[in-house]
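Here are some comments to read alongside the coordinates, set out as numbered points. Please keep the structure open while going through them.

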Amino acid sequence: MIRLGPPLLVLALAVEAWGIGASIYGARTRRQKWILSGRRAVYALAGLLTICFAIMEAAFLRSDFSMAIVAEHSSTTTPAFYRATAAWSAQEGSLLLWVWLLSVWSSLALYVNRDRMREVTAYAQAVLLGFAGFFTGLLVFATPPFALTSPAPLEGVGLNPLLRHPSMMIHPPMLYSGYTLCAVPFAFAIGALAAGRLDAEWIRRTRVFSLAAWACLGFGVLLGARWSYAELGWGGYWGWDPVENASLLPWLTGTAFLHSIQVQEKRGMLKVWNVSLVLGTGILAILGTFLVRSGILDSIHAFGASTLGKPFVVLIAVLAIGSLLLVVYRLPSLRSEGRLESLLSREVAFLLNNLVLVGLCCVILWGTFFPLISEAVTGTKASLGPPWFDRYVTPLALMLVLLAGVGPALSWGRMSLAGLRRVFAVPVGVALLVLLALLAAGVGGSAMALGLFTLAGFTAAVLVQEFWLGTRARRAMTGESAVPAVVSLVRRNRRRYGGYVVHAGIVLLFVGVAASSAFQHVSQVRLRPGQSARVGGYDVRYVRPTSSLDRERIALGAVLDVRKDGRHVATLVPSRNYYPALDQASLGRIGRFFNGDSTSELGLRSSLRRDIWTAMQPDLGPLQRDIRQADRSFPDANPRLEGFLVSTLVRRYMAGPAGADFRLIVSPLVAWIWIGGVIVMGGAMIALLPAPALGRRRVAAPRPARVPLEGEGAAPAGS
């Protein structure tokens, strides 16, 4: 089966070339049979790549080490779930996953729009096939995924221990789904520009894919943050790593686009802005893929140095220059149909929201690529750390929270000062109450955190008010009780109220970030059994060491007793897992079990109020002499003797002083980051779900409204 992979990839490359030619020829000559042939090429490509990916997955599941990628990234001791997901831990496997997902989403988009905008669709499918051709070409000529090893090893290297976490195994497919879904609106925007069809139809036909791309990218970023918090052992969830930043950039521009397209649909404005945002988001998605694979910036998430940097740079340059030329060529057709009538309007709030989001994107882009910029200008590579990012990102984040509340409350077109006072009176009052309550509680150590909490109260009040007003109107029209009225309201206005739910989740997420960053307590201590340390008002005592040993790893841990004011709060059991390395020559027959790769397993007590987080690093110094002695005495130990020696060393560690270094962190409201993220995804799902037929019907009032005649209480004429 493995030998089928290379010819299938070559066939896929031929199908892509045919599809591009047929699609462009059909678009230029308006011959539908050629356009149909190009679309069928996309369907055929999805089928071919599905077979290729299935072949790779089967090789990983059955531990077929004759395939080089399996031998380098899996082993017989790797659990089945991680064997199934190890394919995208390798460069070749991740590229195959990328192009396979692209073919699936492209097929779905073209099938949904098969009878609409045929000239636009023809160009779009050529662009999508061009993307697929680039990645397939890399798989055929640069990084073949089906390369064989001869002779096949009896055992594989195994999966990187840092990747043995459930969220990390779901994180790459989510990000790649987001990246590849970004290609769909990008392709249709190019198609609309090439065909001269620049009304809002292409936006309406691809809105669901834009929203799905935004949701997948957001979920992928959230999973990555959770993995970093739970697996890396440093106690944070976001370190402004270049690859982390690269995944955030298209999410920011995608968020701006989802807001500004409403202005184009309602008012016929921002056409140039919207098409530029779509094209920029697609290019940033390719940039994120490039940073993972090029090795030009240091990152824990990257695959390291490779030869793929130059092809990606060429692709990004072609996309950027081509997009710019098309937009400039079509500028006369992209003129706005409407104009701003008032500064007190929803479209102005959305425009400000867009400027802040794009400003955030520019700041993060500059900070991410600053090492390359500084090296080009000064000859020295200098990087910008988290304090620099925090200094510029925090004020922009505060503005986003404010605009998340201002935008939904304003009306389209124009709003009077009286209406403004009526709409914002309650939210401003709530914000002031929140500010006074925080000051009274002594929460004033961080001005930025205090400002964010206050603005969060304002935005939350606006969103609750919007739901309350809508529900009240619905009940007045239908006579429904409160809960059915809310459900019906959301079903009939999925985009609007799903967006409100997303705003609420973002506010909660920002509150969690602000609280956990501004009011975190950290202590780095070295303890022996029986000793204690204090952090954030908690007393943490090292009770005793723990250990476990199996075929896959050695786990050395500790039992910690956590108390507050003498009262038991939690028992935490952090540990360090050691995985045997294959490098016996430098590490030794026994030393490879203790000095190879290792991962941190947290001791974590999480609650809605705060997290108590612990990680440990056992002191193996006293054992190193015994380890070296075992390596010298038993250089050719068989597996049974090897296991006996390792278990003896583990028992010796348990019997000794068993000192360890502990990182102890108490962070308030961290759980609200994950809760807010889940709410954001829930709001996105509400907006994505199709409206039921019942939700699209007009709702009649329970009885006809009677207009009073003059003299029966009617308002005077002209009032």
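The points below concern a predicted model, and they take up strand pairing, burial and a surface patch.

1. Strand S4, residues 554–564, is a good place to begin, since several pairings can be followed from there. With 9 of its 11 residues buried, S4 is largely enclosed by the rest of the structure; buried here stands for under 20% relative accessible area.

2. On one pairing of S4, strand S3 (residues 538–549) is joined to S4 by 10 bridges, and the two strands run antiparallel. S3 and S4 form a hairpin, with 4 residues between them. For a check of the register, serine 547 can be located, whose bridge partner in S4 is leucine 556.

3. S4 is also joined to strand S5 (residues 567–572), through 5 bridges and again in an antiparallel sense. Valine 562 has alanine 570 of S5 as its bridge partner. The hairpin of S4 and S5 has 2 residues between the strands, and within this hairpin aspartate 565 takes a positive phi near 55°.

4. A further pairing links S4 to strand S6 (residues 575–578), where 4 bridges join the strands and the direction is antiparallel. Here the bridge partner of glycine 557 is serine 575, which lies in S6. As general background to these pairings, strands of a sheet pair through backbone hydrogen bonds, either parallel or antiparallel.

5. A separate point concerns the open sheet of 4 strands, whose order is S1-S10-S9-S8 and whose pairing is antiparallel. Strand S1 (521–527) and strand S8 (603–606) stand at the edges and have a single partner strand each, so one side of each is left without a neighbour in the sheet. From one strand to the next, the twist averages 10°.

6. Within that order, which strands does one find joined by 9 bridges? They are strand S9 (residues 610–618) and strand S10 (residues 660–668), which run antiparallel. Proline 618 stands opposite alanine 660, a residue of S10, and this pair offers a reference for reading the alignment of the two strands.

7. Finally, the surface deserves a comment, as Leu108, Tyr111 and Val112 make a nonpolar patch of about 260 Å². Valine 112 is placed in helix H5, which covers residues 91–112. Is valine 112 buried, partly exposed or exposed? Valine 112 counts as partly exposed because its relative accessibility is 33%, and the partly exposed class lies between the limits of under 20% for buried and over 50% for exposed.

Key: Residues are numbered from 1 along each chain as its sequence is written. This is a predicted model: local features need pLDDT of at least 70, side-chain atom pairs count only at pLDDT 80 or more; totals for chains, interfaces and linings use all residues. Side-chain values use heavy atoms; hydrogens and water are left out. Patches are made of residues with over 30% relative accessible area and no salt bridge: like charges are joined within 9 Å, nonpolar side chains (Val, Leu, Ile, Met, Phe, Trp, Tyr) within 5 Å. Accessible areas come from the Shrake-Rupley method with a 1.4 Å probe; for residues, only the protein chains shown count as cover. A salt bridge is a side-chain nitrogen of Lys or Arg within 4 Å of a carboxyl oxygen of Asp or Glu. Buried means under 20% relative accessible area, exposed over 50%, partly exposed in between (1.4 Å probe, protein chains only). Two strands pair if DSSP finds at least two bridges between them. Axes are lines fitted to C-alpha atoms, for helices over the stretch in contact, and angles run from 0 to 180 degrees between N-to-C directions.
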